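Open your viewer and get ready to click along. We will go from stop to stop, and at each one you will hear what to select and what is there.

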Amino acid sequence: MAVNNKWNTGARALVLSGDLGDGHRQAARALAEACSAGTVPWVEAETVDFLRQIHPNLHPFVRYGFLKGVEKAPGVYGYLYKKTRASQSLSLPFRCFLRMGLQRLAALVNEKQPDVIICTFPLAAAAVSLLKSRTGLRTPLVTVITDHTDHSLWLNPHTDLYLVGSESVSAALRQRGIPATSLCVTGIPVRSCFSEASESDREALKRRLGLNPELPLVMVMGGGCGLLSEETRALIRSSVLRRHVQLTLICGSNDAARFRLEKELDKNPTPNIRITGFVDNIHEWMAAADLLVTKPGGLTTSEAATAGLPMLLYKPIPGQEEDNASVLEKAGIAVIASKERKLRDQLLELVENRAALSAMRAKARQFRSNRPAEQAWDAIMKLQPADQLNREARQTLAVREAQAGT
């Protein structure tokens with residue numbers, strides 16, 4: 001990747017993420033790792049959790065409310081998603097929330113003195129845009145859209161560059177009036193290890209992971225927060241599955257779900273079923289697996305596509321997950337599970353159809369982006385950086401004005 005001479009060695013990037021779902025954090029991690037691994041050696045990238053840093057007191061309640069709302073009332077979430085898709089019709093309470101954190105955000109920007117601000121979390125992008133409009137801050141703002149679809153929440157007037165996962169998302173944003181010069185199709189950023197692991201010998205990987213290389217491996221994931229439904233949990237009780245496949249359920253950070261599953265598995269243990277929490281080598285598990293059963297989050301599905309892993313998408317949440325599922329099924333790399341049939345039966349049917357799995361793997365290789373994190377940095381480095389002295393003056397002014405409540 002060519003160095004853009006507008007940027008000096010040691011350029012600083014502030015990457016703002018969030019933990020309402022794991023995808024925003026993983027995209028930020030992919031961008032930061034590209035710097036620390038030496039792929040982009042002239043950039044120092046620091047990731048910050050926007051909600052934890054800017055709204056530390058509200059963060060636990062916002063996160064709990066969001067996750068419980070998605071789990072217990074997905075229809076309400078879907079209604080709000082669709083209502084705000086074209087425009088932010090709930091802008092007044094939304095902007096009030098953003099204004100509450102402007103002082104902390106201005107202080108953070110003043111402390112870090114970034115040459116560019118990158119947001120993989122839509123609330124963070126909206127807050128930075130508001131800060132720029134209030135203070136005249138000129139630091140470039142880059143928004144990384146971590147879904148295979150578009151939504152007004154990602155779109156803000158003071159954004160200098162949008163990085164999107166596909167040409168279809170780029171076209172949708174152009175229809176909304178975003179100029180082509182502010183758009184770049186890079187693919188959703190995933191870590192390079194997913195691409196590298198996809199070239200590994202799957203049988204050798206199974207042996208390394210302590211698995212039987214002769215049996216198909218099915219992974220079940222509920223995202224980083226481990227939102228596993230009762231029907232996915234019921235898979236471990238199936239005697240048919242126990243005989244024909246190896247099943248690994250990844251519970252992420254949901255310790256309560258993991259403990260329940262482990263307790264149930266203890267009643268009828270089998271070496272063909274594993275229960276685990278967060279794993280740092282998820283790229284190896286994906287490369288070794290024959291099928292992934294998952295909710296269609298943007299990052300998880302992008303990682304799976306990069307690893308060449310076919311997907312069975314289960315109960316997408318109304319909103320971006322339904323949009324993601326539609327895109328992935330149309331691309332031929334996933335099947336949306338029918339609500340009218342048992343998940344177990346659809347899983348077995350797909351696993352036993354080797355021709356279908358092989359075709360889905362081939363489609364995944366066509367769908368995935370080549371080194372998306374590197375492409376993202378290449379696009380970012382083409383931006384015009386803010387002048388150092390002017391930037392410092394603007395950021396100092398940002399703190400003063402936010403403290404004054406303007």
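Is K315 buried, partly exposed or exposed? Select K315 and show the surface around it. K315 has a relative accessible area of 44%, and because buried means under 20% and exposed means over 50%, K315 counts as partly exposed. Keep in mind as you look that this is a predicted model.

**Stop 1: around K315**

Now colour the stretch that holds K315: a loop between β11 (311-313) and α16 (320-330). Look at the backbone here, too. The phi angle of K315 is near 45 degrees, which is a positive value in a residue other than glycine.

**Stop 2: R371**

Next, select R371, where phi is near 50 degrees, again a positive value in a residue other than glycine. R371 sits in the loop that runs between α18 (354-367) and α19 (372-380). With a relative accessibility of 31%, R371 counts as partly exposed.

**Stop 3: a cavity inside**

Time to look for enclosed space. Searching the whole structure turns up two cavities of 30 Å³ or more. Let us visit the second largest cavity, which holds about 110 Å³ of space. To see its walls, select H148, G165, G187, I188, V190, S302, A305, T306, F367, R368, S369 and P372.

Which helix gives the largest share of this lining? Colour helix α15 (residues 298-306) to find out: three of the lining residues come from it. If you colour the lining by residue type, you should find five nonpolar residues, six polar ones and one charged one.

**Stop 4: S133**

Move on to helix α7 (residues 122-135) and pick out S133 within it. S133 counts as partly exposed, at 40% relative accessibility. Show its side chain and follow it to the backbone oxygen of L130, which it reaches at 2.7 Å. Then add H158 to your selection: S133 and H158 are 25 residues apart in sequence, and their C-alpha atoms are 7.1 Å apart in space.

**Stop 5: the whole chain**

Finally, zoom out and switch to a cartoon view. The chain has 20 helices and 12 strands. How many of its 406 residues count as buried? The share is 54%. Of the contacts between residues at least 6 apart in sequence, 72% join residues at least 24 apart. Turn on the surface to end the tour: the accessible surface of the chain comes to about 17,700 Å², and 50% of that belongs to carbon and sulfur atoms.

Technical notes. Residues are numbered from 1 along each chain as its sequence is written. This is a predicted model: local features need pLDDT of at least 70, side-chain atom pairs count only at pLDDT 80 or more; totals for chains, interfaces and linings use all residues. Side-chain values use heavy atoms; hydrogens and water are left out. Helices (H or I, at least four residues) and strands (E, at least two) are DSSP runs, numbered from the N terminus. Buried means under 20% relative accessible area, exposed over 50%, partly exposed in between (1.4 Å probe, protein chains only). A polar contact is a pair of N or O atoms within 3.5 Å; within protein, one must be able to donate a hydrogen and the other to accept it, and residues adjacent in sequence count only if both atoms are side-chain atoms. On a 1 Å grid over the protein atoms alone, a cavity is a set of points where a 1.4 Å probe fits but cannot get out, and a pocket is an open set with protein on both sides within 12 Å along at least five of seven lines; lining residues have an atom within 4 Å of a point. Grid points are joined across faces, edges and corners, and a volume is the space filled by probe spheres set on the points. Ala, Val, Leu, Ile, Met, Phe, Trp, Tyr, Cys and Pro count as nonpolar, Asp, Glu, Lys and Arg as charged, and the others, Gly among them, as polar. Contact means heavy atoms within 4.5 Å. Accessible areas come from the Shrake-Rupley method with a 1.4 Å probe; for residues, only the protein chains shown count as cover.
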